[in-house]
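User: Please take a close look at one helix-to-helix contact in this structure, and then follow the charged side chains and the unusual backbone positions that lie around it in the chain.

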Amino acid sequence: METRVLRYFIKVAELNNLTKAAQQLHVTQPTLSRQIMELEQEVGVKLFDREKHQLHLNDAGVLFQQRAQTILALIDHTEDELQQGRDRLSGTINLGCVESSVAPYMMAIVQKFQEKYPQVSFRLFDGDGDTLRQRIDQGVCDMAALIQPVEVAKYNYLQLPVNDCWGLIMQKDDPLAKKKAVTAKDIYQLPLIIGRRNIVRDDLTDVLKLDPERLNIKVMVNLPENAKSLIESGHYYHLGIKGVFDQYDDSKLAFVPFSPEKVAGHVLAWRKNRQLGTVAQIFLQFITAQMAVAEKRSPKN
């Protein structure tokens, strides 16, 4: 498998259009189409769903895209190292991160990365998914750690090994706090605090079979910290993730998970159709390597 073909694949995945990709790659459209089909034959699966002149990555294509980007980043990184040496790597990475269990994970990665590359600095941005996606779209953030789901048509992403469970945050002495799990019936008519991100809220209500019309949503928030005092008043319940409860670190509050269980994954996302700088690409490669090492050390392996 040639790196040239991998770069062809990445460009087609970014543009979802063979003609436009061929123009930017300075090859003919039939040549590019043949290369993509030969690549699919080589890996043994279809990577794109085809509709007229449009191509869209399927699930296998998304996975292959992540691996191809890692391979190409490693090659580019190696070339850079041969030319300038690792200790000379410098620059700034603009990194966004939601307030959840992924935050301490990402900060540990940042620390390890700077230990290896002390000349690299970070600009960190906190926010909810909508705010951080807007920063990515505007080019203010290179990438951001987000709660799933994300819009795969707009963003490339790396799946992170951090999950959060959804539930209800309330006062510790509330009668519901004695339950092992809460259900849809428990939360109807409760005065709720909920995140403003529609795509997450819709996914949550679908999985938990919640009727949105019956939810008594009193407050929508983009960041959870200001909601803490409302929960402590005893008049509100926060429909959120355990990572937020852990960050509250308040003995007066309690977290009860939902039944059926709803687990939220996290991804590190960056904009399609926009080339990341060398430092940001190396950071992605570094995270991938850290996850590979952690997976090998996992007891299940």
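Analyst: In this predicted model, the contact between helices α5 and α11 is made on the α5 side by Y105, M106, I109, V110, K112, F113 and K116, which meet V279, I282, F283, F286, I287, Q290 and M291 of α11. Sorted by character, the residues of this contact comprise 11 that are nonpolar, 1 that is polar and 2 that are charged. Two packed helices are described by the angle between their axes and by the distance between those axes. Here α5, covering residues 102–116, and α11, covering residues 278–297, pack at an angle of about 115°, and their axes lie 11 Å apart. Because angles from 65 to 115 degrees count as roughly perpendicular, α5 and α11 are described as roughly perpendicular to each other. The handedness of the crossing of α5 and α11 is right-handed.

The chain segment that comes before α11 offers a way into the charged pairs. Side chains of opposite charge can pair when their charged atoms come close. Across the whole structure, a search finds 11 salt bridges. One of them joins the side chains of D137 and R271, with an N to O distance of 3.0 Å. D137 belongs to helix α6 (residues 129–138) and R271 to strand β11 (residues 263–271), so this pair ties together parts of the chain that are 134 residues apart in sequence. Both partners are partly exposed, since the relative accessible area is 26% for D137 and 22% for R271.

The loop between β11 and α11 holds N273, a residue that is not a glycine and yet has a positive phi of about 65°. Most residues other than glycine have a negative phi, and most peptide bonds are trans. With a relative accessible area of 47%, N273 is partly exposed. A cis peptide bond is found between S259 and P260, where omega is about 5°, and P260 itself sits in the loop between β10 (253–257) and β11.

The loop between α10 (242–248) and β10 contains D249, which has a positive phi of about 50° although it is not a glycine. D249 counts as exposed, because its relative accessibility is 69%. D250 is found in that loop between α10 and β10 as well, but at 9% relative accessibility D250 counts as buried. Once the neighbours within four places in sequence are left aside, D250 is in contact with K228 and E232.

Other salt bridges can be followed within single helices. In helix α1 (residues 3–15), K11 and E14 are placed 3 residues apart, about one turn of the helix, and their side chains meet in a salt bridge with an N to O distance of 3.4 Å. E14 counts as buried, given its relative accessibility of 11%. In helix α3 (residues 29–43), R34 and E38 are 4 residues apart and are therefore separated by about one helical turn. The side chains of R34 and E38 form a salt bridge with an N to O distance of 3.8 Å. R34 is partly exposed at a relative accessible area of 40%, and E38 likewise counts as partly exposed at 39% relative accessibility.

Helix α3 also carries E40, which takes part with K46 and R50 in a network of salt bridges. At 4% relative accessibility, E40 counts as buried. When its neighbours within four places in sequence are set aside, the contacts of E40 are with V45, K46, L47, F48 and R50, so that both of its partners in the network, K46 and R50, appear in this list of contacts as well.

To return to the part you asked about, the picture of the α5 and α11 contact is one of two helices packing at an angle of about 115°, with a right-handed crossing and with 11 nonpolar residues, 1 polar residue and 2 charged residues at the contact.

Conventions. Residues are numbered from 1 along each chain as its sequence is written. This is a predicted model: local features need pLDDT of at least 70, side-chain atom pairs count only at pLDDT 80 or more; totals for chains, interfaces and linings use all residues. Side-chain values use heavy atoms; hydrogens and water are left out. Axes are lines fitted to C-alpha atoms, for helices over the stretch in contact, and angles run from 0 to 180 degrees between N-to-C directions. Angles under 35 degrees count as roughly parallel, over 145 as roughly antiparallel, 65 to 115 as roughly perpendicular and the rest as oblique. A crossing is left-handed if the near helix is turned anticlockwise from the far one by less than a right angle, and right-handed if clockwise. Contact means heavy atoms within 4.5 Å. Ala, Val, Leu, Ile, Met, Phe, Trp, Tyr, Cys and Pro count as nonpolar, Asp, Glu, Lys and Arg as charged, and the others, Gly among them, as polar. A salt bridge is a side-chain nitrogen of Lys or Arg within 4 Å of a carboxyl oxygen of Asp or Glu. Buried means under 20% relative accessible area, exposed over 50%, partly exposed in between (1.4 Å probe, protein chains only).
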